[in-house]
Amino acid sequence: MKYYSTNKSVPKVSFEEAIVKGLPEDNGLFMPEKIVSLPQSFIDGLKGSSLQEIGYEVASRFIDNEIPEANLRTIVNDTLAFDIPAVRVEDNVYSLELFHGPTLAFKDVGARFLARCLSYFSAKKARKATILVATSGDTGSAVAHGFLGLENINVVILYPKGKVSDIQEKQLTTLGQNITALEVDGTFDDCQALVKKSFLDKPIKDKFHLTSANSINMARLIPQSFYYFWAYAQVKDGNRPVYISVPSGNYGNLTAGLLAQKMGLPIDRFIASANANDIVPAYLTSGVFDPKASVQTISNAMDVGNPSNFARMMDLFGGDVNEFRNYISGYSYSDEETRACMQAVFAKQGYMLDPHGAVGYLGLKEYMKDKDGVGVFFETAHPAKFGDVVEETIHTKIDIPARLQEYVDKTKVSIEINNSYEELLAVFGEVLV
Ligand SMILES: *Cc1c(COP(=O)(O)O)cnc(C)c1O
């Protein structure tokens with residue numbers, strides 16, 4: 001399978017090149033040349049398929065023979081080594097719990113798949129790559145975890161100082177080994193800008209074999225489409241339409257859903273659920289894409305003012321806002337609304353939402369107000385990951401899962417830098433030797 005750049009001014013590349021490069025030289029994003037439809041028999045048989053079988057069938061359509069079947073099956077099985085249950089919260093409303101992986105957030109899925117694909121390719125080349133990643137919270141720990149201890153790979157994580165939760169920070173800064181955490185005096189968008197700049201700096205990129213692991217990497221998107229098929233199979237009820245609400249920041253997760261739909265999955269409607277960073281819902285209303293500086297919210301993994309994957313969505317919809325509107329509805333919610341939702345759902349259904357899942361639930365309910373279908377919202381993080389916010393909101397103590405408590409007890413190790421490219425390069429010189 002060949003991949004082109006959404007800016008269309010560089011030649012097409014292989015899957016391997018697309019995921020090793022991360023970002024094309026013309027500053028666009030990679031997209032698959034063809035989105036292959038899956039046979040109707042596959043869609044009809046989804047209810048009887050395992051998540052792993054679905055994963056292999058979907059992944060193979062994006063990779064062709066660049067990874068042999070046996071290796072790809074192993075990569076998919078290792079990626080999906082935990083459950084993704086669809087839990088019924090109330091009539092016709094399901095929570096797809098994407099937080100049962102090692103770092104308790106959905107980004108484990110993409111990060112684990114990318115890590116295993118890259119290590120498959122670098123094992124063939126016997127060279128050392130550097131994974132460079134900006135995180136607003138969860139990407140970094142999921143990526144670091146995915147690559148921890150791999151000898152042919154260094155990981156450098158940039159995160160905004162003071163803008164991630166305590167537990168998130170511990171997960172980024174306590175792993176050691178081949179993982180370096182940089183605490184940047186700035187916002188997530190500043191971190192992302194530094195990462196983009198490094199990738200466009202060819203001498204630096206070549207010297208350190210820089211590779212991206214943000215949601216801009218195609219190998220992060222592909223596995224995120226697996227669980228749309230899986231969710232659909234769990235909740236499908238006769239001929240009733242299925243709606244999926246995705247709490248969104250950089251829009252990688254939602255874009256993966258659009259790929260699944262293009263492959264033939266009959267999702268009736270996607271709901272782009274946002275916090276106060278409402279760039280995409282505002283675009284759906286006004287037709288104007290107007291990126292802004294991000295604002296801080298309690299669902300901080302979605303605090304993104306200039307969502308990268310908008311370029312991919314535009315590409316899929318031919319740049320036409322009306323096409324966009326045919327498939328996606330968008331809503332945004334304040335922190336007050338999010339907290340009220342967490343309280344109400346806990347009181348009424350006894351279901352504990354994290355702030356991101358609450359935004360997804362709100363968007364789903366708003367869309368479903370006058371509709372008779374089945375809805376799924378993505379619960380993208382375990383409530384314990386945002387324990388302070390959840391506990392002070394619902395006044396109930398959360399049991400911290402053992403795999404999270406492990407980090408809390410360890411000591412943070414990070415390197416502080418200003419929001420400057422020169423300081424970033426200085427760190428590269430020190431740690432990437
Ligand atoms: C990253 C993240 C999101 C947003 O996902 P995107 O693919 O960036 O839109 C939502 N919730 C949580 C918990 C996250 O970590």
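Begin with the lining of the second largest pocket in this predicted model, where the residues divide by class into six nonpolar, two polar and six charged. To bring this pocket into view, select Lys21, Glu25, Lys202, Lys205 and Asp206, which lie nearest its centre among the 14 residues that line the second largest pocket. Colouring by secondary structure will then help, since the elements that give two or more residues to this lining are helix 1 (15–21), helix 8 (188–200), helix 9 (202–208) and strand 9 (210–212). Of these, helix 9 supplies the largest share, three residues, and the space in the second largest pocket comes to about 250 Å³.

Next, move to the largest pocket, which holds about 350 Å³ of space. Select Ser165, Phe386, Gly387, Asp388 and Val389, the residues nearest the centre of the largest pocket out of the 18 that line it. Two elements, helix 7 (166–173) and helix 17 (387–394), give two or more residues to this lining, and helix 17 gives the most, with five residues. If you colour the lining of the largest pocket by class, you will find eight nonpolar, four polar and six charged residues.

Finally, turn to the cysteines. Select Cys191, which has a relative accessible area of 0% and is therefore buried, and then Cys341, which is also buried, with a relative accessible area of 6%. There is no disulfide to display at this last stop, as a search of the whole structure finds zero.

Definitions and conventions: Residues numbered from 1 in each chain as written. Predicted model: local features only at pLDDT ≥ 70, side-chain atom pairs only at ≥ 80, totals over all residues. Heavy atoms only, no water. Disulfide = S-S within 2.5 Å. Buried < 20%, exposed > 50% of the residue type's maximum accessible area, 1.4 Å probe, protein only. 1 Å grid on protein atoms, 1.4 Å probe; cavity = no way out; pocket = protein on both sides within 12 Å on 5 of 7 lines; lining within 4 Å. Points joined across faces, edges and corners; volume = space filled by probe spheres on them. Helix = DSSP H or I, 4+ residues; strand = E, 2+ residues; numbered from the N terminus. Nonpolar A, V, L, I, M, F, W, Y, C, P; charged D, E, K, R; others polar.
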